[in-house]
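Here are some notes to go with the structure, written as I'd say them across the desk. Have it open while you read.

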Amino acid sequence: MILPIIGYGHPTLRKVAKPIDKDYPDLKGLVRNMYDTMYNADGVGLAAPQVDLPIRVVVIGFRPYDEKTDSYGEPTEEHTLVNPEIVEYGAEKDWFNEGCLSVPDIHEDVLRPTTVRVRYWDEDWQEHTDEATGLYARVVQHEVDHLDGKVFTDRLSNLRRTMLKRKLNDIASKKIRTKYKMK
Ligand code: NI
């Protein structure tokens, strides 16, 4: 089931999301809906607060894109992170052009560590610790920011944010059209 995504300016995006426990009802159903919602919007990561649920659940998934048919193949990598915690940041940092399904039409370079160690549970409540690198490391940090009430534009310089002010206001006042459902 595809869930509506909330946009920049919605108060849930600014809340610190709460951890869940094993009593959380139908976690697997929620996770399935989050993957459906993310892929439907051509995203690579989605945090529960973006579907108006202030809980610490994240899905990340990568699919190959075929230019000839303008379509996506089956996912090659998926990570469901429940109550994730970044326990260590690598020393090296890099710039990467980020976007966000809650901040449509804005893409900006963000500086972040290139590797992180992340501890989390999956939807079967198995505990994991991953040494994340590459795109996975990037998306984990972006999504954990969402759980802490932050969006990627918070990490831009004051100058960049000032330049984006009108676009951000347009998103907040729902003047932006998206091909996926927003509320
Ligand atoms: Ni995002």
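**Notes on the predicted model**

1. Let's start with helix H2, bearing in mind that this is a predicted model. With 14 residues at 1.5 Å each, H2 should span 20 Å, and its end C-alpha atoms sit 21 Å apart, so the two values agree. Of those 14 residues, 12 are buried, which means that H2 is largely enclosed by the rest of the structure. The buried set includes Arg138, His142, Glu143, Asp145 and His146, so keep an eye on the polar names there when you look at the points below. Just after H2, Gly149 has a positive phi of about 80°.

2. Next, the metal. Which protein atoms bind the nickel ion? The donors are SG of Cys100 plus NE2 of His142 and NE2 of His146, at 2.1 to 2.2 Å from the ion. Along the sequence, the spacing of these donor residues reads C-x41-H-x3-H. Cys100 is in the loop between strand E6 (93-98) and strand E7 (108-113), while His146 belongs to helix H2 (residues 134-147), so this pair ties together parts that lie 46 residues apart in sequence. Both Cys100 and His146 are buried.

3. H2 also takes part in the salt bridges, of which the structure holds 15. Arg112 and Asp145 pair through their side chains at 3.0 Å, N to O. That contact links distant parts of the chain, with Arg112 in strand E7 and Asp145 in helix H2, 33 residues apart. Are the two partners buried or exposed? Arg112 is buried at a relative accessible area of 3%, and Asp145 also counts as buried, at 6% relative accessibility. Both belong to a salt-bridge network made up of Glu98, Arg112, Arg138, Asp145 and Arg155.

4. Two other bridges are worth a click. Asp148 and Arg56 meet at 2.8 Å, N to O; Asp148 is in the loop between H2 and helix H3 (158-163), Arg56 is in the loop between E1 and E2, and 92 residues separate them. Here Asp148 is partly exposed at 30%, whereas Arg56 is buried at 12%. The side chains of Arg160 and Glu108 form a salt bridge at 2.7 Å, N to O. Since Arg160 lies in helix H3 and Glu108 in strand E7, this pair ties together parts that are 52 residues apart in sequence. Arg160 is partly exposed, with a relative accessible area of 30%, and Glu108 is buried at 10%.

5. On to the nonpolar side. The largest nonpolar core has 21 residues, and Ile5, Ile20, Leu27, Met34, Leu46, Val57 and Val59 have the most contacts inside it. Helix H1 (27-40) and E2 each supply at least two of the core residues, with H1 giving the largest share at 7 residues. At the surface, Val44, Phe96 and Leu135 make a nonpolar patch of about 230 Å². Leu135 lies in helix H2 and counts as partly exposed at 37% relative accessibility.

6. Finally, some backbone angles to check. Asp52, a residue other than glycine, has a positive phi near 65°. Asp52 sits in the loop between strand E1 (45-47) and strand E2 (57-62) and is partly exposed at 23% relative accessibility. Trp125 is another non-glycine residue with a positive phi, near 60°. Its loop runs between strand E8 (116-121) and strand E9 (127-132), and Trp125 is buried at 19%.

Key: Residues are numbered from 1 along each chain as its sequence is written. This is a predicted model: local features need pLDDT of at least 70, side-chain atom pairs count only at pLDDT 80 or more; totals for chains, interfaces and linings use all residues. Side-chain values use heavy atoms; hydrogens and water are left out. Donors are N, O and S atoms within 2.8 Å of the metal (3.2 Å for Na, K and Ca); water is not among the atoms, so sites may look incomplete. Helices (H or I, at least four residues) and strands (E, at least two) are DSSP runs, numbered from the N terminus. Buried means under 20% relative accessible area, exposed over 50%, partly exposed in between (1.4 Å probe, protein chains only). The expected span of a helix is 1.5 Å times one less than its number of residues. Patches are made of residues with over 30% relative accessible area and no salt bridge: like charges are joined within 9 Å, nonpolar side chains (Val, Leu, Ile, Met, Phe, Trp, Tyr) within 5 Å. Accessible areas come from the Shrake-Rupley method with a 1.4 Å probe; for residues, only the protein chains shown count as cover. A salt bridge is a side-chain nitrogen of Lys or Arg within 4 Å of a carboxyl oxygen of Asp or Glu. A nonpolar core is a set of buried Ala, Val, Leu, Ile, Met, Phe, Trp, Tyr and Cys residues joined through side-chain atoms within 4.5 Å.
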